Structure formats: C-alpha cells, structure tokens
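Welcome! Let's take a friendly look at a few spots where the backbone does something out of the ordinary.

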Amino acid sequence: MKSTQLKYLLSALLLSFFSCQEKETVDLIVHNGIVYTVDRSFSQTEAFAITDGKFIAIGSNDEILNSFNAPEIIDLKGKFVYPGLIDAHSHFYRYGLSLKVADLTGIDSFEKIIEAVKSHREQHPNQAWVLGRGWDQNLWEEKVFPNKKLLDEAFPNTPVLLTRIDGHAAVANQKALEMGGITSNTNVSGGKIVLEEGEVSGVLVDNAIDLVSSKIPPVSNNQAREALLEAQKNCFEVGLTTVVDAGLDKETIELMEAMQKEGSLKMRIYAMITPSESNLEYYFDKGPFQNESLTVRSFKVYGDGALGSRGASLLAPYHDAPEEIGFLLDTQENFLKLAEQFDEHGFQMNTHCIGDSANRVLLNIYAKVLKGENDKRWRIEHAQVVNPLDIEKFSTYNIIPSVQPTHATSDMYWAEDRLGPERIKHAYIFKDLMNQNDMVALGSDFPVESINPLLGFHAAIARKDANNWPEEGFQSENKLNREQALKGMTVWAAYANFEENLKGSIEKGKLADFVITERDIMTAPEENLRDIKISSTYLGGEKVY
C-alpha cells in the first residue's frame, strides 16, 4: 500500500515538474481581472500574457497561469481592463502648444477674458505675442462677438490674438490687425472680417484668421518637443494610447516620427496631413506610410467653419441670423480636384463638415470619386448637421462618420438658436450615422473639448452634461449604447485609421495597449461615469501611467 502511495506521489511530483518546465516565459502576465476584449463577440475574460509588446494569449486565470511564466505578474484583484483608448479626432500637437497660452475656456464675460489675458501676460512678459484660446460668446450675457476696444486699451503696443473655443474665429487687437495688413477694405476668400459700423471689430472668422496668425513667430524645435511631451503625459493619464491628429505639416510629422524612434514620444499617432502645396507634393511622391507607432495615409480638408461662429455652411439661413448662411472654405472645383488626387495616390480624404450644405457638397464629391462600394475609408469629420436626404450616402459609398459626442452636450444650450426647431433634429445624429455602416469613430476634437475620453463616453450614452442634464438626454433617440460607445473609441476608431489589425481590441497578435480602472464603465451608473479615473495605462505592455 505504501509502495502504491509512493508511486502516486512521485508521479504527481514529476507531472508538476514537467508542467513547470513546459511553461512558456513571457514578459508580462495580467490576471484576476474583468477584461473587456472588444473582439468580434465582445467577450469578457480574466487574464492575458504579453511578450515583445503584443498580446500572445488571452483566457481564464487558469489557462494563462498554467501556461506561462513571467518576470512580472500583475494581480488585478478584480479591476477592469479595456483596450487602449483611441481619440478618433483631436489636435494633439495644437493641444500641447495651447498649454503655454492663456486658457480662456469657461469664462463668462469678455471683461473677465481681458483680466485673464493680463494675468497670463504678467507670467510671460517676454513673449513676442499675447496668445489665448477658448473664449465662447455663447457663455456671455449678450452672446455677441467681442470688440477689440478693450484689448487695444490693455495692450496698445503688443500684438494679441485670442482664438475662439472652436478654433474657427478669433479676436485680434489693432496692433495684430496692422501686422496682418487688415483694414475695413480687406477681402478674404473662405473667411470673414467682422465690421461694426464700417470699422474692423477685431473678430476674424476662418481663413481671415490666417492673415494675422501667419505673422506669429514660428515655434522652435525645443518648444515643439516640449509641447508633444506634455500633451503625451496628459493623454496617458486619461487612458489614451492612440490619437488622431487632424491637420499637420510635414515638419511636425517628421518630428513626431523622430521622437518616436528615439523613444521619447511613445504615443501612437494617426497623422492627417494638411493639404498645402508642399505637403501634397512631398507625400504624393512618398505615398502612404504605416508602422506600429505612426500612420500617415490621409489628408485633412476643411469644408466649412463652425456653428458657434456661424461659419458652418447651411442649406438655409441661420435661424438667429437670417442674413447669414455660412460659407465653404474652398470652391467645389478645388474640393473635387483634391479628392481625385487623393484617390489617385491612395490617401484617405478626411473632411471637416459641420453644416448641412457642407456635408451635402462633400458627400456628393466623395460619391463622384468613390463611385460605389469600396474599402477606401474616406471620412467625414464631425458630420454635425446632415440633411435626411444625405444620410444614406454614408452607407452607399462606405463613408465613415467621425464624430465627437461632447460637441452635442456642449452645443445643446444654443444649437437650436442657430438651426431652429426643425433643423436641430438633424444635428448630432450619432446613432443614425452609426446605423449606416454599423460603425462610428468617436473622438473629442481636443483642445476644443476635454482630452478625457470618458467625458465623450458619457456624452455618447447619456447625451447629458456634467450636471446630468437634461433628465432624458439631449435628443435621446441618438444615444449610443455602452458597447457601441466603447467600440467607437477602440476597434471602430482603429478601423477608421486602417489600424484594426494592429490595435483596438485585446486579441492575440495585437499591440498590448490597455487601460485599467477601479470601476467598470460598462456598468457604473451614468451619473458617475465622468468621475471614473484611469488607474494605469499600458502601451505595448509598458506602464506609461
């Protein structure tokens, strides 16, 4: 009997020994969590293994722990894991630069704006220009554009340019206007110089801003590097592992690539190119480009301006300004020429379209070039007001809507003033757009909105503001559910970037980008979503926050 027991014991020890010997060594094991893989079946699991920056196995705790060894093993103790979050439309570089200018967001009067700008100047007395961003006249009592008079009194000898929250309007003082050569007789295509009683008010809309901003001294290499690194730090803190940067020049893209190669810039970037003549020539010759850190295969085109500054191009006049209809920022002939060139050279066309007229014009141009079913993944950025007659064009031509849920909850207080009670029903129609191709890419447009993607998640599923108003949600018929919202900022955003084989879900062979939270965004009460914090952010299996 003792001999038999001894044999069983020896067999068990040998089995245990060889089992240990057979375990594969990996770089990192993560287990004992609730893992949302966002794979095709939207499955949940408990653990995964990572090596060489990629997921190599996903499964139960027993499956992973019995199959792998690792020098680092993380016990999540029931925490929640999601794929690394992707912002499908942002201005990452511009956000980094904006951290060095006066922050005017949320200020409820122009008089207080002046005080904030003065305070900023005291802290940065040696800057050649006084710059600020974030003002919004819709927050002020009279809700009208500002006048430069107070700026001239405060800064008679230093040029000042303060950009509106949407980036499509700005107010400049007289010194800056003189440097830009702007008078009451200046004409500009695709923009507007606002006059009051025949005199320049200081407010510039869309292309008119360039007359002044082109005079601002260029950013130095060191300043650009600092901006990118500071933006990266803040974005990692909120769980972003990939950002779509909408509108960059060759020099900035090449700086990003150089910093990624040296290891200082870890953020993964999908870079949309600004279609300047020099950029077109260079990238048409080079062609689309992609590696694990950088994708360059699209151009960012501006169709029109913004609703808040009445630069969005509408099919009928503004409800609160019957003499205005907005405008396109280029001719239809030029838009078509660009579309044909992008198609010829294998690039996506990603066009900013806010108004229903801009959406119609660009959708029709896309249709003319794309012709029908395709896998070119051209995108409409914002798709903010879409006439019902145009919605089906997204599905007919496989056009991807790239939308920003927080725009709806930021604009809902005044958007009906601009559009009227009927046309507002065709604005911010995220679910209707998603239903066309069973997907929608979700972003924030930061720094226009917050960099925190969970604010966008909340806005997408609740259609409510920070105070959880309105009670039923703004135009609640266009709410997304939580699965759709998470896909919109992970796997669908990756697809819109031609990156779905690299990222967007926790699956074998994909880049090991993931985030960890203490609370579950898929089950937490709506009113608590905006307060959920990211515990950790991992990029390629490396903890970056």
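## Two cis peptide bonds

Where does proline 447 lie? Proline 447 sits in the loop that runs between strand E24 (441–442) and helix H17 (453–462). Please keep in mind that this is a predicted model. In that loop, phenylalanine 446 and proline 447 are joined by a cis peptide bond, with omega at about 10°.

A cis peptide bond also links tryptophan 469 to proline 470, and here omega is about -5°. Proline 470 belongs to the loop between H17 and helix H18 (482–488). These bonds are worth a look because most peptide bonds are trans.

## Positive phi angles

Most residues other than glycine have a negative phi. Which phi does asparagine 32 have? Asparagine 32 is not a glycine, yet its phi is positive, at about 60°. You can find asparagine 32 in the loop between strand E2 (28–31) and strand E3 (34–36).

Arginine 310 is another residue other than glycine with a positive phi, near 55°. To locate arginine 310, look at the loop between strand E20 (294–302) and helix H11 (332–345).

## Buried or exposed?

Is arginine 310 buried or exposed? Its relative accessibility is 18%, and buried means under 20%, so arginine 310 counts as buried.

Asparagine 32 has a relative accessible area of 31%. The partly exposed class lies between the 20% and 50% cut-offs, so asparagine 32 is partly exposed.

Key
Residues numbered from 1 in each chain as written. Predicted model: local features only at pLDDT ≥ 70, side-chain atom pairs only at ≥ 80, totals over all residues. Heavy atoms only, no water. Helix = DSSP H or I, 4+ residues; strand = E, 2+ residues; numbered from the N terminus. Buried < 20%, exposed > 50% of the residue type's maximum accessible area, 1.4 Å probe, protein only.
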